[in-house]
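This report describes a protein together with its ligands. The sequence and the structure are shown first, and the description follows.

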Amino acid sequence: MTSQLDRVVIIGVAGDSGCGKSTFLRRITDLFGEDFVTVICLDDYHSLDRKQRKETGITALDPRANNFDLMYEQIKALKSGQVIDKPIYNHETGAIDPPEKVEPNHVVVIEGLHPLYDERVRSLIDFSVYLDISDEVKISWKIQRDMAERGHRYEDVIAAINARRPDFTMRAAYERLTSKQARETAKAL
Ligand SMILES: Nc1ncnc2c1ncn2[C@@H]1O[C@H](COP(=O)(O)OP(=O)(O)OP(=O)(O)O)[C@@H](O)[C@H]1O
Ligand SMILES: O=C(CO)[C@H](O)[C@H](O)COP(=O)(O)O
């Protein structure tokens, strides 16, 4: 497949947990087909597993719980047509599983909490989307999904949402800043 690709387009889809990123991208993959689009969930680049996050009090939204060096190296490799060995974060067990091979594709979507955080990763993205869903909707979606699919108890989901609030406020401020910089750069071009 690699030799047939003239270009690998990278699309970033950002949004808080439970905003519907994976659901939206499943529909996109159904429409365009897996031969055209590959979706990478950036949860796979968590550097701390569930147990380690619990022990340290560092949430998944905190950049320290994510390996941006590896994320950058691997997205850069895909963009230049190389196959990668991508780690897997297992949402059922909360552990980091052995890696899987991912091939480049016409379109590679990177979706998650932090596709726009790291300047190096951002520089690889050709087009980005931020899913901004109201607190009321995303919290109810997250509670239902985390209990049905990720084995969390109701009290734990609420505690996790509350623990992330300071990280979320900080990230929102950062993203406002980076989009302002992006707008100013675009205006200057
Ligand atoms: N458009 C929608 N309409 C109705 N329900 C939705 C929609 N999108 C998502 N949901 C519900 O919200 C839940 C969470 O969605 P999803 O797993 O796609 O979010 P996410 O942003 O990928 O979350 P995370 O970053 O935590 O993996 C889904 O299990 C689904 O039940
Ligand atoms: O913010 C999230 C994005 O999916 C998850 O909460 C994070 O990836 C940790 O997952 P889990 O709660 O299954 O340990």
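Which residues does Lys 138 touch, not counting residues up to four places away in sequence? The contacts are with Asp 16, Ser 17, Gly 18, Cys 19, Ile 133 and Phe 168. The model is a predicted one.

## Overall architecture

The protein has 189 residues, of which 41% are buried. Its secondary structure consists of 6 helices and 6 strands. Read from the N terminus, these elements follow the order β-α-β-α-α-β-β-β-α-β-α-α.

Contacts between residues at least 6 apart in sequence were also examined, and 71% of them join residues at least 24 apart. The exposed surface of the protein comes to about 11000 Å², with 54% supplied by carbon and sulfur atoms.

## Nonpolar cores

In soluble globular proteins, nonpolar side chains tend to be buried together. In this model, the largest nonpolar core holds 21 residues. The members that touch the most others are Ile 10, Ile 40, Met 71, Ile 75, Val 108 and Ile 110. At least two residues of this core come from each of β1 (9–14), α3 (68–79) and β5 (107–112). Helix α3 makes the greatest contribution, with 6 residues.

Val 108 illustrates how this core is connected. Beyond its neighbours within four places in sequence, Val 108 contacts Val 8, Val 9, Ile 10, Ile 11, Thr 38, Ile 40 and Leu 78. There is also a second, separate core of 7 residues, which includes Val 13, Val 107, Val 109 and Leu 131.

## Lys 138 and Asp 16

Lys 138 belongs to helix α5, whereas Asp 16 is placed in the loop between β1 and α1. Their side chains are joined by a polar contact of 3.1 Å. Lys 138 has a relative accessible area of 6% and is therefore buried. Asp 16 is likewise classed as buried, because its relative accessible area is 11%, under the 20% limit.

Asp 16 has further contacts in several parts of the sequence. Setting aside residues up to four places away, Asp 16 touches Lys 21, Leu 61, Leu 113, Lys 138, Arg 164, Phe 168 and Arg 171. Phe 168 appears in this list and also among the contacts of Lys 138.

## Surroundings of ligand 1

Around ligand 1 there are 13 residues, and those that come nearest are Ser 17, Lys 21, Ser 22, Thr 23 and Arg 145. By residue class, this shell comprises 2 nonpolar, 6 polar and 5 charged residues. Ser 17, one of the nearest residues, is also touched by Lys 138.

Several oxygen atoms or positions on ligand 1 can be described through individual distances. A polar side-chain atom of Arg 145 is 2.8 Å from an oxygen atom of ligand 1. For Gln 144, the distance from a polar side-chain atom to a ligand oxygen is 3.0 Å. Gly 18 approaches through its backbone, with an N or O atom 3.0 Å from an oxygen atom of ligand 1. Taken alone, ligand 1 exposes 640 Å², and the protein buries 75% of that area. Two or more residues of the shell are given by each of α1 (21–32) and α5 (135–149).

## Surroundings of ligand 2

Ligand 2 is likewise surrounded by 13 residues, with Asp 43, His 46, Tyr 89, His 91 and Arg 164 coming nearest. The shell divides into 3 nonpolar, 4 polar and 6 charged residues.

Side-chain N or O atoms lie 2.6 Å from an oxygen atom of ligand 2 in the case of His 46 and 2.6 Å in the case of Tyr 89. For Arg 150, the corresponding distance is 2.9 Å. Ligand 2 on its own exposes 360 Å², of which the protein buries 93%.

## Arg 150

Arg 150 is located in the loop between α5 and α6 (154–188). The residue counts as buried because its relative accessibility is 16%, under the 20% limit.

Which residues does Arg 150 contact, leaving aside its neighbours within four places in sequence? These are Asp 43, Arg 50, His 91 and Arg 145. Asp 43 and His 91 are also among the residues that come nearest to ligand 2, and Arg 145 is among those nearest to ligand 1. Arg 150 and Glu 92 are separated by 58 residues in sequence, yet their C-alpha atoms are 5.1 Å apart in space.

Definitions and conventions: Residues numbered from 1 in each chain as written. Chains lettered and ligands numbered in written order. Predicted model: local features only at pLDDT ≥ 70, side-chain atom pairs only at ≥ 80, totals over all residues. Heavy atoms only, no water. Near = heavy atom within 4 Å. Polar contact = N/O pair within 3.5 Å; in protein donor to acceptor, adjacent residues only side chain to side chain. Areas by Shrake-Rupley, 256 points an atom, 1.4 Å probe, with all protein chains shown as cover. Helix = DSSP H or I, 4+ residues; strand = E, 2+ residues; numbered from the N terminus. Nonpolar A, V, L, I, M, F, W, Y, C, P; charged D, E, K, R; others polar. Core = buried A, V, L, I, M, F, W, Y, C linked by side-chain atoms within 4.5 Å. Buried < 20%, exposed > 50% of the residue type's maximum accessible area, 1.4 Å probe, protein only. Contact = heavy atoms within 4.5 Å.
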